[in-house]
Amino acid sequence: VIGAITLLWLVIKFAKDSVETGMQFDAAVSQIGATLGYTVDEINDKTSDASKNMEMLRGKAEEMGAATSFSATEAAEGLNILAMSGYSAEEACSMINDVLALAEAGSLGLADAAKYVAGAMKGFNDETKDSQYYADLMAKGATLAATDVNALGDAMSAGAATAASYSQSANSMTVSLLRLANQGTTGSEAATMLARAMADVYTATPAAQEALEKLNVSAFDDGKPREFGDVLEDINKALSGMSEEEALATKNAIFTTNGLKAFNQMMATSSEQVSAWTDALDNATGSAAAQSEMMNDNLTGDIKRFNRS
């Protein structure tokens, strides 16, 4: 009798959990429709683009829920973040695989991974680069210095627009963030410090410009911003021939407080290390997917996938 009661309880609990899971999934999918601005009438009209897009989004979320360590509901929430970032249903579906790979590689929530990838893509606005490129940069970069995917993704997405405004590439920005990370500055704090240092040299005050000219260092080449790391290296070399007092006065003339912190921290990394990081990031293609596979090639990953099925 006790065994029968236990079995009945398990059956009821399973049915209850299944209904709740289905309701959560439906709510997550509906949220995507709301984010995309679809009306109920449009979604119910099977001939409309909205209805077809919703079926595509639902199917993609279910596919990801069956094939990865994330549930279909979590996949739908990731798709919604991409939709909130201004991507179409088709674009979100094409990006979600890379977002999932980054999330698994960095043990992140899907919402955070989507936010980081979308933020970097929107910030740099480089049509030659896709979601895999940014996911790979974050995944690979996190293996190179004292940081992780969460902190690096936060910094990249927060600082991308500023870096792009000074014509800096995502690769170059990532190297700068790794230099800061190795000195203990990560996440949004790193993005803020890096943005301040860039502003100090690319939009220099009259006093800062005068100091740069005395060092014979220019932040521009034929009117185009030079690579930020190269500019800082040139400043550092020019300062090396000065007394400590003169060098400090010159740095204070060029940089604001946060900018100077960034400069000092970045200069603590050797040129050999910077070169090695640059080469590694240039060859980062496939890093997120490879790390995702590695993270799930164990019993824990098998259990997660079983529980999602």
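The expected span of a helix is 1.5 Å times one less than its number of residues. Helix α4, residues 72-84, has 13 residues. From its first C-alpha to its last, α4 reaches 18 Å, close to the 18 Å expected at 1.5 Å a residue. The model examined here is predicted.

The overall make-up of the protein is as follows. It holds 17 helices and two strands. Of its 309 residues, 45% are buried. Among contacts with a separation of 6 or more, 68% join residues 24 or more positions apart. The accessible surface comes to about 15,500 Å². Carbon and sulfur atoms account for 52% of that surface.

Two helices were examined along their length, α4 and α6. The buried residues of α4 include Ala72, Thr73, Ala75 and Ala76. Gly78, Leu79 and Asn80 are also buried in α4, as are Leu82 and Ala83. An α-helix has 3.6 residues a turn, so residues three or four places apart point the same way. Just after α4, Gly86 takes a positive phi of about 100 degrees.

Helix α6 spans residues 110-124 and has 15 residues. Its reach from first C-alpha to last is 21 Å, close to the 21 Å expected at 1.5 Å a residue. α6 is mostly covered, with 11 of its 15 residues buried. Among them are Leu110, Ala113, Ala114, Tyr116 and Val117. Ala118, Gly119, Ala120 and Met121 are buried too, along with Gly123 and Phe124. The buried residues of α6 pack against α4 and α5 (89-106). They also pack against α7 (131-141), α8 (149-165) and α9.

Positive phi values also occur outside glycine. Most residues other than glycine have a negative phi, and most peptide bonds are trans. Asn125 has a phi near 50 degrees, a positive value in a residue other than glycine. Asn125 comes just after α6 and lies in the loop between α6 and α7. Asn125 counts as exposed because its relative accessibility is 61%, and the cut-off for exposed is over 50%. Asn216 likewise has a positive phi, of about 60 degrees, although it is not a glycine. Asn216 is placed in the loop between α11 (206-214) and β1 (220-221). With 71% relative accessibility, Asn216 counts as exposed.

Leu36 sits in another loop, between α1 (2-35) and α2 (40-44). At 23% relative accessibility, Leu36 counts as partly exposed. The reason is that buried requires under 20% and exposed over 50%. Leu36 and Ala83 are 47 residues apart along the chain, yet their C-alpha atoms are separated by 6.4 Å. Ala83 is one of the buried residues of α4. Leaving out residues up to four places away in sequence, Leu36 touches Leu57, Ala83, Tyr87 and Ala89.

Tyr87 takes part in a further arrangement. Lys122 lies over the face of Tyr87, at 4.6 Å from the ring centre. A second lysine is placed in a comparable way: the charged end of Lys129 sits over the ring of Tyr133, 5.2 Å from its centre.

Aromatic pairs were then considered. The structure holds six of them. Tyr133 and Tyr134 form one such pair, with 4.8 Å centre to centre and 80 degrees between the planes. That pair is edge-to-face. Tyr134 has a relative accessibility of 1% and therefore counts as buried. Tyr133 is also the residue whose ring lies under the charged end of Lys129. Elsewhere, Tyr166, Tyr202, Phe220 and Phe228 form one aromatic cluster.

A buried arginine completes the picture. Arg179 lies in helix α9, residues 170-181. The relative accessible area of Arg179 is 2%, so Arg179 is buried. Its side chain is joined to that of Glu233 by a polar contact of 2.9 Å. Residues up to four places away in sequence aside, Arg179 touches Gly229, Glu233, Gln265 and Met266, among others. Met267, Thr269, Val274 and Trp277 are also touched by Arg179. Helix α9, which holds Arg179, is one of the helices against which the buried residues of α6 pack.

Terms used:
Residues numbered from 1 in each chain as written. Predicted model: local features only at pLDDT ≥ 70, side-chain atom pairs only at ≥ 80, totals over all residues. Heavy atoms only, no water. Helix = DSSP H or I, 4+ residues; strand = E, 2+ residues; numbered from the N terminus. Buried < 20%, exposed > 50% of the residue type's maximum accessible area, 1.4 Å probe, protein only. Contact = heavy atoms within 4.5 Å. Areas by Shrake-Rupley, 256 points an atom, 1.4 Å probe, with all protein chains shown as cover. Phe/Tyr/Trp six-rings, centres within 6.5 Å; stacked < 30°, edge-to-face > 60°. Lys NZ or Arg CZ within 6 Å of the ring centre and 35° of its normal. Polar contact = N/O pair within 3.5 Å; in protein donor to acceptor, adjacent residues only side chain to side chain.
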